[in-house]
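Let's take a walk through this one together, going from one small pair of residues out to the whole assembly. Keep the viewer open and follow along.

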There are 2 protein chains.
Amino acid sequence: MKMSQTLIATLRENPAEAVIASHQLMLRSGMLRKLGNGLFAYLPLGLRSFRKVENIIREEMDAIGALEFKPSVIVPGELWRESGRWETMGEGMLRAVNRVKAELVVSPTAEEAFTALIRDELSSYKQLPITTYQINTKYRDEIRPRYGVMRGREFTMKDAYSFHATQESLDETYDKFAVAYRRIFKRLGLSVIPVRADSGAMGGSGSEEFMVESDVGDDTLILCPKCGYAANTEKASCAPDIPKNKAGFPQTKTDASIEEVSTPGVKTIEDLERFFDTTSQEFIKTIIYKVYNCALDLTTAPGGTNLKRIKDSEFGEYYYPECFVTICIRGDLEINEAKLSSLLKAAEVELASEEDIIRLSGAPVGFVGPVGLKNIPIICDFSVMTGKSGNFFAVMHDAYTGGRKTDVHLRHVEPGRDFLPYMCADVRTVVAGDTCSCGATYYSKKGNELGHIFKLGTKYTKSMNVTYLDENGKPQIPTMGCYGIGVDRALASIIEEHHDDMGIAWPVSTAPYHVVIVPVKYENEMKSVADKIYEDLKTNGIEVILDDRNERPGVKFKDSELIGFPVRIVVGDKNLPNVEFKIRTLDNSQIMSVEDAISKSIDFIKSQISELNN
Amino acid sequence: MKMSQTLIATLRENPAEAVIASHQLMLRSGMLRKLGNGLFAYLPLGLRSFRKVENIIREEMDAIGALEFKPSVIVPGELWRESGRWETMGEGMLRAVNRVKAELVVSPTAEEAFTALIRDELSSYKQLPITTYQINTKYRDEIRPRYGVMRGREFTMKDAYSFHATQESLDETYDKFAVAYRRIFKRLGLSVIPVRADSGAMGGSGSEEFMVESDVGDDTLILCPKCGYAANTEKASCAPDIPKNKAGFPQTKTDASIEEVSTPGVKTIEDLERFFDTTSQEFIKTIIYKVYNCALDLTTAPGGTNLKRIKDSEFGEYYYPECFVTICIRGDLEINEAKLSSLLKAAEVELASEEDIIRLSGAPVGFVGPVGLKNIPIICDFSVMTGKSGNFFAVMHDAYTGGRKTDVHLRHVEPGRDFLPYMCADVRTVVAGDTCSCGATYYSKKGNELGHIFKLGTKYTKSMNVTYLDENGKPQIPTMGCYGIGVDRALASIIEEHHDDMGIAWPVSTAPYHVVIVPVKYENEMKSVADKIYEDLKTNGIEVILDDRNERPGVKFKDSELIGFPVRIVVGDKNLPNVEFKIRTLDNSQIMSVEDAISKSIDFIKSQISELNN
């Protein structure tokens with residue numbers, strides 16, 4: 001390609017709207033333009049790199065036998081009503097009503113469409129497993145779209161769905177995806193952090209996220225420098241630690257009885273530390289949560305028999321539309337609401353209102369405590385107690401808690417002796433500095449999710465009535481896996497990882513062109529030499545672009561660095577018959593013969609590609 | 001590819017919903033499934049053919065230097081407000097409002113998006129011409145989606161937009177597209193009928209449609225067997241013909257005065273033929289139309305000075321929001337409302353209501369006539385009169401017309417003597433049997449539009465304020481061309497043109513695979529021979545699929561014919577070491593050695609591709 005024949009739309013200045021490197025560089029290098037809030041257009045150079053990302057993903061999907069489909073982007077609302085997600089997807093899903101009043105959805109994901117398609121094709125166990133995918137347009141109405149295509153509203157996603165007769169078959173396919181995803185990200189030149197949802201003690205995994213580090217990441221990752229543990233803060237767990245007393249020694253059991261202390265206006269942990277002149281580790285923080293659509297069985301919990309419980313008409317599961325729980329946790333720790341929701345199998349948890357707190361505990365915020373608390377299940381974080389019903393063990397001892405009266409706290413509280421939980425669980429927010437089960441100390445990073453593989457189970461096949469006949473001719477419900485990669489976000493992440501002050505420094509696999517030839521002036525011998533290199537490289541299967549523009553050399557050099565072609569060959573009068581060969585990521589250029597420059601370019605590109613691919 | 005590793009989803013029966021061959025065969029061969037009304041999913045085999053169509057179009061676009069972009073499918077409503085089409089696109093454009101109340105459009109076409117993108121990049125005449133395109137998802141809310149992807153709601157379109165400093169530059173690019181489109185359709189194996197909008201007398205062309213014949217086509221084409229004239233009935237014109245009298249002789253001027261005849265209840269042309277015992281050619285049919293947004297200057301027309309006229313705030317053009325015109329046409333002909341709208345530069349025309357007709361003409365439907373008609377412009381079709389203001393010539397003579405009184409007609413009416421038109425024009429519907437200007441007789445076909453190339457002018461660049469600086473540093477507005485091809489419709493049309501009773505018979509260029517190998521049973525020597533052919537063909541760059549399914553031979557044969565692979569090689573015990581070689585479009589198969597079957601396959605595929613490409 002000659003530059004004069006494509007659209008080189010570089011910008012000298014950083015557009016004010018762009019705050020992260022990939023967004024700035026995609027705009028500045030002329031890959032991308034904004035069409036609306038969270039809506040973008042790829043220009044020709046950007047589209048070339050975009051297609052390369054897409055094709056690497058496609059090749060690896062095809063390699064594991066996944067079958068590409070192309071469903072419509074706009075799908076009938078009734079599919080989403082069938083699955084039950086019409087109600088639950090919320091405002092992030094863009095809906096429209098057409099001229100005949102039919103409800104339509106601009107696909108934010110495609111479990112429903114693929115489940116419906118497979119439902120119609122599937123009859124026998126012999127057809128299973130089936131693995132399907134698409135690489136297609138999606139739309140999610142981000143509340144605050146920003147960072148360019150890193151968090152846009154419209155984007156392209158590779159989404160795959162697999163269907164299985166057995167858990168073993170799902171596990172096998174899931175493992176293939178886990179390997180394929182690692183290959184994809186390697187080929188893209190991306191350092192990803194695979195994060196298992198339930199890594200550690202539980203063994204096995206039903207979900208893995210592939211994260212890239214990013215200062216503006218949506219997620220916080222907890223990482224172990226020693227054993228490689230990596231988890232999203234929403235799921236991370238840590239080794240139990242021993243609570244200390246003020247003197248720094250492990251807390252010990254007390255024989256002293258509970259004592260009420262008047263604590264007027266002493267509400268926060270900081271207030272308490274000051275008032276009692278001790279550390280926050282000696283306090284049991286007691287927090288009441290309101291819980292929506294809790295599917296955990298609370299029949300035997302305090303107050304559980306009085307709770308309104310509903311059977312879901314479609315899924316047949318029981319849940320409590322609304323209930324309350326009390327959490328006890330060590331004073332220096334925070335409750336992780338994602339972990340709590342997951343524990344309770346709940347749609348959502350939120351801090352109870354002041355009114356509810358007083359009604360349920362008898363005391364206002366700051367003075368709630370577990371001792372004597374009735375009619376509401378107490379859940380102790382493992383930092384306070386461990387064990388199971390009938391067999392609970394105190395971890396904290398001789399603690400302070402709220403007194404369930406205004407301006408009163410209790411001292412010498414012994415968990416187990418003075419109150420019993422309904423259950424114990426891990427609901428703490430793990431942070432950098434906490435201890436890994438391997439003994440090392442966690443550190444933490446911000447990250448963005450690039451991909452996700454997930455064992456879905458029968459959620460969709462059940463609600464959408466998918467069955468096949470097994471070996472005995474009996475109808476069975478297949479189990480599913482789903483597997484996503486954001487194409488635009490992967491592209492932006494490549495730039496985040498591969499750039500410097502001058503611009504992008506593309507890995508060879510996704511560079512818009514491999515080699516740029518820059519004649520200082522496109523005339524006379526410089527022209528004929530540039531043309532010769534151009535033709536020779538093309539003949540050798542190298543993707544090459546020739547800067548034939550009538551621009552000053554400085555502009556051409558700056559553009560080549562900004563756009564970030566992996567190899568640059570400068571053809572200037574000064575060096576002829578030699579030329580200057582430069583690899584974008586190396587500081588120094590070399591002067592060499594035309595033949596050497598050509599063969600070095602070919603060698604470099606081919607070796608880079610083979611390195612990325614293997 | 002092995003068939004067991006992809007999704008072969010053939011159906012024995014025609015689904016009831018499908019009435020045309022392409023829709024039936026796309027469903028039966030397992031290329032396509034329905035997701036909703038006018039919404040489809042391509043399954044793996046269908047997607048392969050779809051991508052081939054897409055790629056042929058892409059290659060030819062790239063070959064003429066068009067630059068591929070990828071704008072979002074969802075675009076801000078404000079872009080459509082800028083161009084003025086937010087109001088005019090009507091219900092066919094799908095709109096949505098997102099969570100922050102922003103108006104969004106699911107792109108039905110992309111003049112706005114590309115004009116906005118180029119507006120931001122364009123500064124100097126040196127950048128022009130620029131030709132851009134995309135191959136992307138579109139949505140148009142068809143009132144009655146049917147015939148599968150031939151008229152779906154969501155579809156993929158290749159839409160190109162070019163920007164120019166001069167008309168000559170636009171003409172040049174337009175001509176390149178005209179050639180590229182012919183190449184594309186040839187490579188796809190499609191017989192298209194290029195239809196110029198204003199072919200014939202006017203010279204030059206600003207628009208060309210590429211039609212395929214179809215019994216269920218949206219359009220009617222008028223075709224000349226001799227000179228190659230081809231026009232959409234909406235624009236077709238024909239040679240003038242001489243009106244005859246009852247005896248079959250040319251009508252002659254009469255000296256007789258107009259005579260009123262009582263014609264109680266005689267309203268239609270058929271009634272009149274019977275009543276006056278003559279042919280419909282002797283009657284002047286007089287029809288009153290209500291016209292919306294007429295931009296033709298009617299200042300000097302009867303009643304013209306009293307008409308309300310408005311200046312368009314954006315485009316600065318004057319138009320009449322509402323007016324009426326009377327059309328006189330020979331009794332055996334029909335008025336073409338598309339031609340009439342175009343003549344009047346109007347948004348729409350419709351037959352006037354009975355009330356308006358009586359108010360304007362004094363008589364009810366059936367008795368309207370031009371004699372004595374005031375305050376409304378009379379437009380004579382060329383079948384009645386020709387010539388220009390001040391110089392009109394009668395074509396019909398001694399005619400019958402309505403009497404402008406209930407139950408009264410007039411005889412001996414002489415156009416020119418008894419009434420004068422405001423203007424004469426060609427507004428007749430041309431039909432098969434009419435005469436071409438070359439003298440031959442037209443025939444007619446139904447067709448579907450596959451592609452369209454069009455000189456847009458400055459409609460969008462003007463309304464959206466696109467300018468560039470010319471050689472003298474003065475801002476100028478670029479002129480545009482636009483060029484579309486429907487990808488899905490092209491694919492369906494290939495099947496319409498290439499099928500028989502057994503199924504599809506793909507041209508090699510778009511077949512999902514070139515060769516199918518069918519072992520009668522996939523075991524023993526049949527397996528090893530089939531595998532050898534499979535590997536050899538793959539090595540030679542042939543796209544091959546092996547039917548390794550555990551199905552009866554009859555099922556495999558039927559499937560191969562239904563899906564329509566261009567070449568089939570059957571490996572059966574009976575013929576070994578020979579195999580059966582069959583070309584899908586030929587009746588007879590041949591028994592030959594494995595080596596011959598391989599080389600014949602390669603030769604056939606390569607020769608077919610080169611024939612389609614040249």
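Start with A:Val516: its opposite number in strand 33 of chain A is A:Arg568. Keep in mind that everything here comes from a predicted model. That pair belongs to a longer stretch, as strand 31 (residues 515–519) and strand 33 (residues 567–571) of chain A are joined by 5 bridges and run parallel.

Now zoom out to the sheet around them. In chain A, 5 strands line up in the order 32-31-33-34-35, making an open sheet with mixed pairing. At its edges you'll find strand 32 (544–546) and strand 35 (589–593) of chain A; each has a single partner strand, so one side of each is left without a neighbour in the sheet. From one strand to the next, the twist averages 25°. Helix 14 (residues 594–613) of chain A packs on this sheet, where it touches strand 31, strand 33, strand 34 (578–583) and strand 35 of chain A. The direction of helix 14 makes about 125° with that of strand 35 of chain A.

Chain B has a sheet to look at too. Its 5 strands form an open, mixed sheet in the order 32-31-33-34-35. Here, try the pairing between strand 31 (residues 515–519) and strand 32 of chain B: the two run parallel and share 3 bridges. Which residue of strand 32 is the bridge partner of B:Val516? That's B:Ile545. Helix 14 (residues 594–613) of chain B lies across strands 31, 33, 34 and 35 of chain B, at about 125° to strand 35.

Here are the domains of chain A:

| Domain of chain A | Residues |
|---|---|
| Domain 1 | 3–235 + 445–494 |
| Domain 2 | 259–425 |
| Domain 3 | 513–613 |

How far apart are the C-alpha centres of domain 1 and domain 2 of chain A? The answer is 38 Å. Each of these two domains puts 5 residues into the contact between them. On the domain 1 side, that contact has no nonpolar, 2 polar and 3 charged residues.

Next, a pair of helices. In chain A, the axes of helix 1 (residues 21–28) and helix 11 (residues 487–497) come within 8 Å and cross at roughly 100°, which means that helix 1 is roughly perpendicular to helix 11. Where they meet, helix 1 brings A:Ala21, A:Ser22, A:Leu25 and A:Met26, while helix 11 brings A:Ala492, A:Ile495 and A:Glu496. Sorted by class, this helix contact has 5 nonpolar, 1 polar and 1 charged residues.

Finally, the two chains together. A turn of 179° and a shift of 0.0 Å along the axis lay chain A on chain B with an RMSD of 0.3 Å, so the copies are related as by a two-fold rotation axis. In chain A, A:Ala96 has the C-alpha nearest that axis, at 2.5 Å.

The contact between the chains takes 45 residues from chain A and 45 residues from chain B. Helix 5 (residues 111–121) gives the largest share of the chain A side, with 5 residues. That side has 27 nonpolar, 8 polar and 10 charged residues. Why can we say that the copies meet through the same surface? Because 100% of the interface residues of chain A are also interface residues in chain B.

There's strand pairing across the chains as well: strand 4 (residues 70–71) of chain A and strand 2 (residues 39–42) of chain B are antiparallel, with 2 bridges. In that spot, A:Lys70 sits opposite B:Tyr42.

How values were computed. Residues numbered from 1 in each chain as written. Chains lettered and ligands numbered in written order. Predicted model: local features only at pLDDT ≥ 70, side-chain atom pairs only at ≥ 80, totals over all residues. Pairing = 2+ DSSP bridges. Helix = DSSP H or I, 4+ residues; strand = E, 2+ residues; numbered from the N terminus. Contact = placed C-beta atoms within 7 Å. Axes fitted to C-alpha atoms, helices over the stretch in contact; angles between N-to-C directions. Nonpolar A, V, L, I, M, F, W, Y, C, P; charged D, E, K, R; others polar. Domains from an automatic or database assignment. Parallel < 35°, antiparallel > 145°, perpendicular 65-115°, else oblique. Least-squares fit on C-alpha atoms with pLDDT ≥ 70 in both.
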